[in-house]
Amino acid sequence: MKSNYDYSEIEKKWQKVWIEQKIFEVNEENSKPKFYCLEMFPYPSGKIHMGHVRNYAIGDVIARYKKMKGFQVLHPMGWDAFGLPAENAAIKHGVHPAKWTYENIDYMKKQLIRLGLSYDWRREVTTCAPEYYRWNQWIFLKLYEKGLAYRKSSFVNWCPSCATVLANEQVIDGACWRCESQVEQKELEQWFLKITAYAEELLQDCDKLTGWPEKVLTMQRNWIGKSEGVEVDFPIEGMKESLRIFTTRPDTIFGVTFMCISPEHPLAEKLCDDKSALKKIRLLQREPEVKEGVFTGKYAINPLNGEKVPIWIANFVLMEYGTGAIMSVPAHDQRDFEFAVRYGIPIKVVIKPENEELPDPLKEAYENEGVMVNSGNFSGMSSKEGKKAVADYIEEKGLGKKTVNYRLRDWGISRQRYWGTPIPIIYCDQCGIVPVPEEDLPVILPENVSLTGKGESPLKYVQEFYKTKCPSCGGDARRETDTMDTFVDSSWYFIRYCSLHDESAFHKDKIKYWMPVDQYIGGIEHAVLHLLYARFFTKVLRDLWIVPFDEPFQRLLTQGMVCMESYRCPEHDWLFPKEIKDGKCIHCGKDVQIGRVEKMSKSKKNIVDPDEMIETYGADTVRVFSLFAAPPEKDLEWSSQGVEGAHRFLKRVYSLIYKHHSWLKETEGELSHPEPSSLSILSLIHRTIKRVTFDIEKEYQFNTAIARLMEFVNEVYHFEPKTEEERKVFKFALKNFLILLSPFAPHIAEELWHEIGEKGFILNEPWPQYDEELAREQMIELVVQINGKVRSKIMIPQGLSDEEITKIALNNEKVKQWIDEKEILKVIPVKGKLVNIVVK
RNA sequence: GCGAGAGUGGCGGAAUGGCAGACGCGCUGGACUUAGAAUCCAGUGGGGUCAAACCCGUGAGGGUUCAAAUCCCUCCUCUCGCACCA
């Protein structure tokens with residue numbers, strides 16, 4: 001055995017052996033419980049970053065732990081390989097997207113192997129491979145058959161920089177989620193998936209997702225945005241059309257003093273004579289600060305009280321939501337209130353708070369519940385009852401109907417780019433839209449294209465691709481040249497992992513065995529993108545009888561970001577950590593300003609390269625640090641000194657074994673009746689097993705689990721077994737310690753496992769059991785409090801009764817001094833370890 | 001504005017209502033060394049003391065309790081998400 005911890009040699013050696021011996025390969029085993037552990041697959045952008053390292057280290061600990069716990073663990077990895085960066089790289093450097101992508105995959109796969117991650121690589125999924133995306137096309141055809149995929153022309157979100165369309169979920173604060181360019185509106189024909197057909201179920205089933213963070217569920221519920229209300233028709237004076245509005249507050253309908261419609265409303269042109277004013281309002285549509293409007297000159301009739309109210313066109317009314325028209329109740333809606341004040345429109349109170357008077361004039365809208373007033377027959381009713389009563393009345397009289405509205409929009413999936421799945425549709429002048437027959441799949445993405453990034457699909461110019469025959473009439477026809485949003489790829493990849501490559505993507509028995517995913521791990525940034533789409537696809541596939549469950553991911557862990565301090569030079573702007581020496585910029589010697597701790601990003605240069613870390617400290621160190629520095633769901637602050645600390649710990653582990661390795665190899669770690677001299681070691685390891693197991697089971701608290709392992713090492717570091725008995729016990733302890741360490745630092749654990757003379761792979765060992773009796777400390781410190789303050793600590797044997805500890809406490813000299821002449825009111829013993837004496 | 005979460009040493013972070021600060025980093029001192037690095041040992045919330053005793057301390061203020069970082073109320077700060085959704 002080498003005297004120094006040669007992590008590089010150890011890690012290379014075992015990575016090779018593990019793969020040769022196929023120890024990460026797994027198949028269905030009906031006699032064993034399964035566990036599907038999944039981490040979000042990466043986009044192959046070139047190299048992995050620390051965020052990936054953290055994500056996959058967390059997943060690997062869980063997978064290895066569950067395996068040792070006796071589960072059949074599916075732990076796969078793949079590549080979200082279609083996407084814009086490949087295409088942009090192609091435009092910039094002239095490399096074909098496929099070449100660029102596959103080379104990146106090669107490199108990144110090596111990196112993942114170097115981290116010692118326990119993936120079954122036979123199941124590797126690459127979404128840009130025809131054998132994968134053919135199933136995207138297949139699913140698309142099924143959606144089309146069911147009327148869940150349709151084509152329509154509409155205004156879409158257009159990112160001028162990516163030169164393609166974005167789904168609503170992909171627009172963040174009016175900017176592109178990928179490149180942050182300002183998103184424009186553009187009218188285009190495109191394909192939509194009818195996710196709205198599942199809106200209610202997607203919402204309802206949030207309640208089933210008990211293993212998801214509440215935060216993510218809130219975001220999804222919010223995104224779906226259900227609201228219940230009524231649609232009411234307001235006749236327009238002097239016209240045969242009426243104005244249909246949506247409201248969630250029918251109880252305020254007697255307080256309507258004006259109507260507002262969106263400038264895009266179909267009646268806007270007709271109602272408004274002042275076209276230039278209309279134009280102006282349109283321009284102000286995305287200005288949330290100002291409420292602007294123009295009076296159309298027309299009036300609507302309130303169907304409940306016959307009042308005549310003016311119709312305005314207003315910039316704040318959205319055409320996309322509800323009916324694009326609203327009834328305005330300034331007394332009870334803040335937006336309407338502001339608008340009314342600005343244009344001098346009357347404000348009529350129809351809801352009064354229970355026990356107070358509203359100021360007159362109102363200073364702001366009163367939006368809470370109360371009692372209805374000035375509301376005809378409904379006056380006197382509580383607003384809560386009124387909501388229902390007015391809605392019922394409206395339905396009864398045929399004035400409108402109760403309606404449920406969702407904010408969720410259908411998912412636009414057409415992308416005007418090359419590097420994606422071709423949409424399997426053919427346009428025929430005779431037959432119209434014709435789906436590609438199933439047996440003709442896959443529609444292969446051609447390789448010889450010239451990429452421009454100009455906003456039109458490059459496939460439009462590839463004759464061999466788009467020129468085709470109509471499957472229906474055999475005449476000349478054109479293929480659809482748009483490709484699919486890459487979120488389609490990731491909406492079902494977890495199902496593809498269940499079967500091997502030479503098998504169908506939808507192998508029923510295998511899906512039934514492995515799915516759903518028991519633990520999914522990834523970043524919170526996908527809370528409403530990928531995670532919503534994947535849920536939607538799962539429900540569609542269920543309705544196609546392909547999968548037998550409603551939800552794909554049982555438990556979800558959203559890991560925190562990896563952050564680091566950023567540094568800035570007054571002259572050279574952001575600096576890499578290595579561009580700083582003694583607080584000065586190495587280029588100009590100026591003082592470096594330390595920026596705040598924030599997410600590692602290339603632009604701020606506050607990044608560390610996983611390769612360099614592995615090179616300097618080894619994969620085990622990188623894993624241990626990223627698991628130890630913070631609990632998984634919290635942000636992690638990268639610290640180079642912290643990494644050294646993790647490395648130091650592993651070095652101590654190594655030298656601990658090294659010190660004893662000569663006799664450890666020859667000793668069996670069996671236990672008879674341990675002598676008192678070795679009882680404390682035995683107790684320590686049982687306690688360590690208990691705590692580490694508990695920390696992993698309870699919300700994956702790897703940081704404290706590792707702390708327990710460190711404590712163990714600190715305590716036994718100088719232990720010298722003297723007798724044969726002590727050696728046996730010590731060996732037993734070290735052997736179990738290595739098993740506990742192995743999910744976190746698998747290479748060093750494996751190496752030392754063999755150095756102490758154990759056989760087989762540590763991953764195949766069962767997770768150790770602990771003995772509750774032995775795990776208890778033999779001697780404990782009895783804490784004595786007087787009036788709640790700690791006054792004395794007495795060493796006592798473990799397991800004494802409350803009566804016994806009370807007696808010990810009261811007889812303690814120090815305690816006696818404190819009690820003195822005072823009267824003892826009460827003595828509270830706690831679980832044999834603490835006594836609180838209340839005196840006066 | 002609405003919703004969620006979080007405020008604990010110099011720092012990252014621990015604490016089923018029961019000893020606040022586990023573990024790690026940093027720092028201080030010591031050992032080893034010609035010297036340094038590495039390693040090992042000890043100390044390390046603040047005040048106080050030769051040392052102790054003791055006092056104070058988990059964003060602020062109140063409350064419940066024998067006992068509160070933890071439960072309840074009020075407020076402050078920060079982070080994240082949503083935001084004219086009628």
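Let me start with Trp 100 of chain A, which, once its neighbours within four places in sequence are left aside, is in contact with Tyr 43, Pro 44, Ser 45, Pro 85, Ala 86, Ala 89 and Val 95, where contact means heavy atoms within 4.5 Å. This tryptophan lies in helix 4, residues 97-114, and helices here are DSSP runs of H or I with at least four residues, while strands are runs of E with at least two, both numbered from the N terminus. Trp 100 is buried, because its relative accessible area is 17%, and buried means under 20%, exposed means over 50%, and partly exposed is in between, with a 1.4 Å probe and protein chains only. From Trp 100 to Gly 46 the separation is 54 residues in sequence and 8.5 Å in space, C-alpha to C-alpha.

Before going on, I should say that this is a predicted model, in which local features need pLDDT of at least 70 and side-chain atom pairs count only at pLDDT 80 or more, whereas totals for chains, interfaces and linings use all residues. Residues are numbered from 1 along each chain as its sequence is written, chains are lettered from A and ligands numbered from 1 in the order in which they are written, and side-chain values use heavy atoms, leaving out hydrogens and water.

Two further residues can be described in the same manner. Ser 181 sits in the loop between strand 8 (175-176) and strand 9 (184-193), and it counts as buried because its relative accessible area is 17%. Not counting residues up to four places away in sequence, Ser 181 touches Cys 159, Ser 161, Gly 174, Ala 175 and Cys 176. His 530 belongs to helix 15, residues 530-543, and is buried because its relative accessibility is 4%. With residues up to four places away in sequence again set aside, His 530 touches Met 40, Phe 487, Ser 490, Tyr 493 and Tyr 520, while Tyr 299 is 231 residues from His 530 in sequence and 46 Å away in space, C-alpha to C-alpha.

Now to the chain as a whole. Chain A has 25 helices and 37 strands, and of its 840 residues 54% count as buried. Among its contacts between residues at least 6 apart in sequence, 71% join residues at least 24 apart. An automatic or database domain assignment provides the domain bounds, and among the domains are domain 2 (136-194 + 410-484) and domain 3 (227-405), whose centres, taken over C-alpha atoms, are separated by 40 Å.

Finally, which residues come nearest to RNA strand B? Of the 55 residues around this strand, they are Thr 247, Thr 248, Arg 335, Lys 793 and Lys 831, where a residue is near if one of its heavy atoms lies within 4 Å. Of the atoms of RNA strand B that come within 4 Å of the protein, 65% are sugar and phosphate. A polar side-chain atom of Asn 703 is 3.0 Å from a phosphate oxygen of RNA strand B, and for Arg 791 a polar side-chain atom is 3.2 Å from a phosphate oxygen of the strand. In the case of Glu 711, a side-chain N or O atom is 3.4 Å from a sugar or linking oxygen of RNA strand B. Helix 20 gives the most to the surface near the RNA, with seven residues.

Notes:
Polar contact = N/O pair within 3.5 Å; in protein donor to acceptor, adjacent residues only side chain to side chain.
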